[in-house]
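Please open the model in your viewer and keep the selection tool at hand. We will walk through it stop by stop.

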Amino acid sequence: MEASVVKVENLVKRYKDLLALDHFSLDIREGEIFGLLGPNGSGKTTTINCILSLLTYDKGSIQVFGRPMKPDSYDLKQEIGVIQQNVAVFDELTVYENIYYFCSLYIADKKRCRVLSEEALEFTGLTEYRKFRPKKLSGGLLRRLNIACGIAHKPKLLFMDEPTVAVDPQSRNKILEGIQELNKKGATIVYTSHYMEEVEQIATRIAIMDKGRMLAVGTAEELKSMIPAGETVRIHMLELDDRHLSAIRGLDCVFSADYRDEDLIIQCTRGRHNLMRILEYLTSHDLIFGEVYSQLPTLNDVFLEITGKQLRD
Amino acid sequence: MFWTHYRLRLKSIVVNRSTFFWCAIFPFILSTLFYISFGSSLSDKSFPPVPAAVVIQGEGEGKTALLSFLKELERQEVLKLTVTGAEEASALLEEERIAGIIEYYDALQLILRSSGIEQSILKSVLDSYQRKSALFADIARENPAGLEAAAGMSAAVFAEDTTLSGRPANSSLQFFYALVAMSCMYASFYGLVMSADLQGNLSPLAVRRTLAPVKRWKMICGDYLAVLTVAVAVLLLLFAYLAFGLGIDFGSHVFLTVFTGIVGCMFGIAFGILLGSSNRQSLSAKIGISVSICMSCCFLAGQMINLIPVLIEKYVPVINRINPAQLIANSFYCLAFYDDYTRYTLNIVTLAVLTIAMGCAGILLMRRKKYASI
């Protein structure tokens, strides 16, 4: 088993009457991309701020690289990179100067600092914008600059707090690819988001949280196995009588079925070849149908199963 | 690391358009406008003499002493006298060709038709004379030959008194000194930016900097040195523009004048740090508060109406003793016109104490290592 990089135990954080973190525990291991998934206000950013010693907390303990994290733990901070939700750069400095400045806070050697800044520029695809001021960059490029400032010193542990908010799809893909590349180079990454597709795409392990509590943790597959239903099948049909609908509901591969707005929606059980068996029934009874869609369970279904509400409610 | 930090912070502060305008451009524009407004009066070292009529009837020691006293003030161009009869004096006053009539029959009397600066000066002249009339009487009785010299000496002291009491030798200079004081106090904007960029609960940028493995005091020192450098550079340029470009007289104490400006800038920055770190208002709201406070202090220091400090000195002198803008402006005044450093030293020490108190309070607030909420 890989060594624990971040260990949070029974963390409690209150903002006056609001319980932001309710006995929250977490164990992040070396080499992981750990996704922290939850709706807005669920406590993701508070968790990260507590881990980084930016916030005081009421109870619990936090260890980073096996040692307690404090505001003056400079040796630990040296190994940590943070990419915040909000872009945090100097508007008055150029792209290169910003990267160099933040790198220089971690790296004393000027030559090495220059080399690392150039690498960060290249890694984030900002080389041609090196002399631009942040205000001249698009939203996506600005996010990339934000990332470059956080990774230039090559941290072993990287916190990324919703780094793709308000970013166009092209830049988002570039950012996600970059995160995976950083992970391959050895960085442990803690990635928070309320975009389940993103987390599912890159995270090796995922924790789902809501109202300051940890609801479930595991790989995407492990989490999905927590729900009893399999894929959802939607078949466009102009008509379907109740007799056939009842018969479909009776199939052993069907968990539930419903017909509305000229669509037959079937929630399958966790068997194999479910779609084929449903289509066999329709063709064998000369039922006419149009487009067929099949969707595997998502993390949103897991969240719905656990909390009774959508992830983006 | 420190010098990289210093260099890039220096650049980020200089390039910040908003603070650059208020701190580095606005004082130059305002001083140019002042110069256009007051242009010709700047070359004068004093107010024009106050025209007054003197009506004296009868003979005696009192008349001689009063005339000697007034003649000396006329020689010093404080007064412009017309010795005449009562009727003609009344006519001159009616035609507003004189500010007032100094009448002496059995007792001294001042006749005025309106109020204003000239009338105030006449009143001060006679108040001063009446305070010293007993002395003149003694001299006239015991040494009549020395009466004229005593009156002259007393008039000279009076001329100095009018300056010491707050009325400038050149009232226009008061505006420029208060303007430099304003420029010093506007360094508070740098302090505000500094606190916003350093305190984790004020901006995402400060959060990122807080997370770096750099000791807090190093970061604060780097930022402070950078903002002080910019503030002092702007101040030196302003001094150069005022002194060489507009011909404003700052006296011959160049080192002490610059030193006063530097202490003023330090006060401005310390005030900005305290204001910035003491609450969580937005930066623009804090700049608004800072502008209001700075302008109020400068108003009280006579930037808009030069008699304000005189009135404050008369009715609530404690305000003049703690108003930073007045302390700075008055220090320039002391250096330009007096050789007595007592008052200058008192001003600078008070300003330094205020700076240290505000700076320490601000930095203590800024150095908090943990935040209850961000």
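How much of chain A, in percent of its 313 residues, counts as buried? The value is 50%. Keep in mind as you look around that this is a predicted model.

**Stop 1: chain A as a whole.** Select chain A and zoom out. Its C-alpha atoms fill a box of roughly 75 × 45 × 40 Å along the principal axes. With the cartoon on, you are looking at 11 helices and 14 strands. Switch to a surface: chain A exposes about 14,900 Å², and carbon and sulfur atoms supply 48% of that area. If you count contacts in chain A between residues at least 6 apart in sequence, 67% of them join residues at least 24 apart.

**Stop 2: an open sheet.** Stay in chain A and colour the strands of the sheet that runs in the order 6-7-8-3-9-10. These 6 strands have mixed pairing. Now pick out strand 6 (80-83) and strand 10 (213-218) of chain A: each has a single partner strand, so one side of each is left without a neighbour in the sheet. Looking along the sheet, you will find neighbouring strands turned by 15° against each other on average, direction ignored.

Next, zoom in on one edge. Strand 6 of chain A pairs with strand 7 (residues 157-161) of chain A in the parallel sense, over 4 bridges. To see one of the pairs, select Ile80(A), whose bridge partner in strand 7 of chain A is Leu157(A).

**Stop 3: helices across the sheet.** Add helix 1 (residues 44-51) of chain A. It lies across strands 3 (33-37), 7, 8 (188-193) and 9 (205-210) of chain A, and runs at about 150° to strand 7 of chain A. While you are at helix 1 of chain A, click Cys50(A), which is buried with a relative accessible area of 1%. Then add helix 6 (residues 169-184) of chain A, which lies across strands 3, 7 and 8 of chain A and runs at about 155° to strand 8 of chain A.

**Stop 4: helix 10 of chain A.** Which residues of helix 10 (residues 274-284) of chain A are buried? Show the side chains of Asn274(A), Ile278(A), Tyr281(A) and Leu282(A). They cover an arc of only 95° around the axis, which puts them on the same side of helix 10 of chain A. Helical geometry helps here: an α-helix has 3.6 residues a turn, so residues three or four places apart point the same way. To see what covers the buried residues of helix 10 of chain A, display its surroundings, including strand 11 (232-236), helix 9 (242-249), strand 12 (254-260) and strand 13 (263-268) of chain A.

**Stop 5: two loop aspartates.** Just after helix 10 of chain A, select Asp286(A), with a positive phi of about 55°. This residue sits in the loop that leads to strand 14 (292-295) of chain A, and counts as exposed at 66% relative accessibility. Then jump to Asp261(A), in the loop between strand 12 and strand 13 of chain A. Its phi is near 50°, also a positive value in a residue other than glycine, and Asp261(A) is exposed at 69% relative accessibility.

**Stop 6: over to chain B.** Select Thr84(B), in the loop between strand 2 (79-83) and helix 4 (86-94) of chain B. Is Thr84(B) buried or exposed? At 15% relative accessibility, Thr84(B) counts as buried. Beyond its neighbours within four places in sequence, Thr84(B) is in contact with Ala53(B), Val54(B), Val55(B) and Ala89(B).

Finish with the cysteines: how many disulfides are there over all chains? The count is 0. For Cys298(B), the nearest cysteine sulfur, that of Cys294(B), is 6.5 Å away, and Cys298(B) is buried with a relative accessible area of 0%.

Methods
Residues are numbered from 1 along each chain as its sequence is written. Chains are lettered from A and ligands numbered from 1 in the order in which they are written. This is a predicted model: local features need pLDDT of at least 70, side-chain atom pairs count only at pLDDT 80 or more; totals for chains, interfaces and linings use all residues. Side-chain values use heavy atoms; hydrogens and water are left out. A disulfide is a pair of cysteine sulfur atoms within 2.5 Å. Buried means under 20% relative accessible area, exposed over 50%, partly exposed in between (1.4 Å probe, protein chains only). Two strands pair if DSSP finds at least two bridges between them. Axes are lines fitted to C-alpha atoms, for helices over the stretch in contact, and angles run from 0 to 180 degrees between N-to-C directions. Contact means heavy atoms within 4.5 Å. Accessible areas come from the Shrake-Rupley method with a 1.4 Å probe; for residues, only the protein chains shown count as cover. The arc is that of the directions from the helix axis to the C-beta atoms.
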